Amino acid sequence: MAGRAGADSEANAEAKRMPAGFADVPEAPAPALALLGSDGTILAWGEGCRRLLGHRAEDVVGLPVRELLETPVEAVRWSSAPGDMGKRGGRRAANAVVKVRHRDGEHLRLMVETVALTGGDGTSCWFVAVTGAPDGVRTADAEAALLDRSPLAVAVWDTRTRLLWANRACREIVGRSEVDAPTRSTRRAVRGFDRTTIEPVIRRVLTSREPVGDHVLRWVSPEHGREVVFSSSVFPLAPEGGGPLGVCTVSLITRSGERERLALLGRAANQIGTTLDVMTTAQELADMAVPALADYVTVDLADAVPLGGEPLKRMSEAPSGIPVFRRAGQSSIHGGMPEAAFLVGDVVYVPPGSPFLTALYGDQSYFEPAMRTGPGTWLDRDPQRRQLIHDTGMHSVMMIPLRARGTILGIAVFTRTDNAVPFSQDDLLLAEELCVQAALSLDNARRYTRERAAALALQRSLLPQELSGGAAVDLAGRYLPSDRHEGVGGDWMDAIELPGDRIALVIGDVIGHGINAAAAMGRMRTAVHTLAALDQHPAELLDHLDKVTARLAETGTWSPGYSSITGGTCLYAVYDPATRVCTLARAGHPPPVLVAPDGHARIADTPVGPPLGIGTGRYESVDLELPGGSLLAFFTDGLVETRHGDIDAGLDRLLAALHRPSASLEDLCARVIERMITDAPPEDDIALLMARTRADDGSRAADGEHRGLSA
């Protein structure tokens, strides 16, 4: 605002300030603002007027404006009938150059722009913008001089949110030379304004009669996609005790839009790709963009990206091999997602010639600020989408290909419905940045999913399909891969039938995770089967297995870029139902839990040797006498050990879970897993093997019958 040096600085001039806080208008050379009644009475007096003329609000509100004027009041062209006065070219506005008395007696030459306002109850008044006029400025030039001197965008809206008046700064920003007659809504009056944010604010100010400051408002050129971001203050225009007549907005061009974009990209870096799950990552992208960027977003992944199953087939009726998509994520500002033609997980088809394919196979995104849906467009081949677009009011669209490391992963589609502002070039750049971040996370998830699926398939092919205790014991087992690493480790268990109805029970854990560990586990399991076929004593078998593992480690890497597996742990036990004796040896593995027929559970006292692959020592075996109905529980350390829990506490929980076991081993396995696994997913793979001796074991004599076990 144009100020005056030495103006009074009364700190308490609050009593009769302009309603809605005109004094809060930004400190800048904008017009001083006031509100006059239809009879010329001063109804409100802004802080800018005080700085310009020195008069405090409490001194002038209620006085006739003529008491401040040297110029005859008739020259200003306001009267008791503003509906009849001030009309020029269909605009309810008038302009004049007047002389006004300053509080100190000095006469000032001012330019005045007046806008007529009429409330819903028929109340009329004048909104007045005032600034200093240099000598020699003619009345005819007053409007141009006034608007030229105001760098802020000032606009007046009526109670129906129609634009009544805007200064030149506002018009030049939005590329308009005149304001339309007040017969159109905000959306129609100035195309490109974000009405979804400005109209609710205007209505709130009209209802509450309280100002709103620092409201971010966007305008996008419908023709060029140029975007301007304003920081606006919205003030009600209402006389003391009267109803609202409209609002005034004072806006400053700001760079807050750039800050918001940077903030959104920063949030995206933290919130997209939080897991290595393809579907979750796609949904995170959709959720991040709504409503910050778009009203409705879909993320469809191409058939090159398996979502936990076989790759999707291509459309048989399409000779060019148009890909089929699968909906991986979507988000909307509306509940129930009325814009969605497909649900998450559904197969999504696209017709030939659609912009989906243009974005996928072209080198740039598809950008259509104003969607064309009439005849002759690609929607002729997709009437379902056309109807959905019309029903939901989609009017602006961006289609961004998702590419990472040279691979086409899919496409993200951003649309606007309720937000009347079309997408701008800035929006396109922001969407592309989001998609670059998301594509890298999607590709990481895709690679992880592919390797995990391969490792799981390899591991399952190497593990026994079913466990059989033969005539010796009843068996049950559980295997749970962890969610950490690749979700695949080197844990395994096995049951090998031996001559004389004996059974060998094996459980082991290879160091490491992933496909490398699964392959090493397969080699170790094969070695155990080979050594068991020689009917070796458990301690002797572990000694040979240790040497085999050490030799495998010494051979170095088995594939470029992958380190070799250096060892693991193993427990090998042989149970003879004729003698009811179980002979076992351990190579760095946790001891088994022994549950007596009376239900009492304890840790079996067994010696432990070094882990496999070290080759530093020999192994000892121990004989355990197992009455009929005894239970042995073999397990890997993932069942009882966590990063944040003590292994002794885990063993105590396991003993409690095994106390007085149920008759069904399957039920017992389920109970143990339920009690041992807390709410958090397992941190390491878990293998659990239960063996119960039968009460009707034979009493075959052991004298003279060779069992293949050395002393």
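This is a guided tour of selected sites in a predicted model, arranged as a series of selections to make in the viewer.

**First stop: strand β7 and its hairpin**

Begin by selecting residues 153–158, which make up strand β7. Since 6 of the 6 residues of this strand are buried, β7 is largely enclosed by the rest of the structure. In a regular strand the side chains alternate between the two faces of the sheet. Colouring the two sides of β7 separately shows A153, A155 and W157 on one side, with V154, V156 and D158 on the other, and both faces are covered, as each of these residues is buried.

Next, add residues 163–166, which form strand β8 and run antiparallel to β7, the two being joined by 3 bridges. To find your bearings across the pair, pick V156, which stands opposite W165 in β8. The two strands form a hairpin with 4 residues between them, and in that turn T161 is worth a look for its positive phi of about 55°.

**Second stop: an aromatic pair**

How many aromatic pairs does the structure hold? There is 1 such pair in the structure, and selecting F356 together with W378 displays it: the ring centres are 6.0 Å apart and the planes stand at 85°, so the arrangement is edge-to-face. F356 belongs to helix α9 (residues 355–361), whereas W378 sits in the loop between β15 (366–368) and α10 (383–392), so the pair ties together parts that are 22 residues apart in sequence. Both F356 and W378 are buried.

**Third stop: T392 in helix α10**

Move to T392, which is placed in helix α10. Is T392 buried or exposed? With a relative accessible area of 16%, T392 is buried, because the cut-off for that class is under 20%. Showing its surroundings, apart from the neighbours within four places in sequence, brings up contacts with P338, E339 and T417. Of these, E339 is 53 residues from T392 in sequence, yet the C-alpha to C-alpha distance is 6.2 Å. Within the polar environment of T392, a polar atom of the side chain lies 2.7 Å from the backbone oxygen of L388.

**Fourth stop: salt bridges**

The structure holds 14 salt bridges, and the tour visits some of them. Select D380 and R386, whose closest N and O atoms are 2.5 Å apart in a salt bridge; D380 counts as partly exposed, at 41% relative accessibility.

Then select R405 and D443, a salt bridge in which the closest N and O atoms are 2.4 Å apart. R405 lies in the loop between β16 (396–404) and β17 (407–416), while D443 lies in helix α11 (residues 425–462), so this pair ties together parts that are 38 residues apart in sequence. R405 is partly exposed, with a relative accessible area of 47%, whereas D443 is buried at 0% relative accessibility.

Within helix α13 (residues 538–554), select K547 and D543, which lie 4 residues apart, about one turn of the helix. Their salt bridge has its closest N and O atoms 2.8 Å apart, and it joins K547, partly exposed with a relative accessible area of 41%, to D543, buried with a relative accessible area of 11%.

Finish by selecting R56, E58 and D59, which are linked in a network of salt bridges.

Methods
Residues are numbered from 1 along each chain as its sequence is written. This is a predicted model: local features need pLDDT of at least 70, side-chain atom pairs count only at pLDDT 80 or more; totals for chains, interfaces and linings use all residues. Side-chain values use heavy atoms; hydrogens and water are left out. Buried means under 20% relative accessible area, exposed over 50%, partly exposed in between (1.4 Å probe, protein chains only). Two strands pair if DSSP finds at least two bridges between them. Rings of Phe, Tyr and Trp (its six-membered ring) pair if their centres lie within 6.5 Å; planes under 30 degrees apart count as stacked, over 60 as edge-to-face and the rest as tilted. Contact means heavy atoms within 4.5 Å. A polar contact is a pair of N or O atoms within 3.5 Å; within protein, one must be able to donate a hydrogen and the other to accept it, and residues adjacent in sequence count only if both atoms are side-chain atoms. A salt bridge is a side-chain nitrogen of Lys or Arg within 4 Å of a carboxyl oxygen of Asp or Glu.
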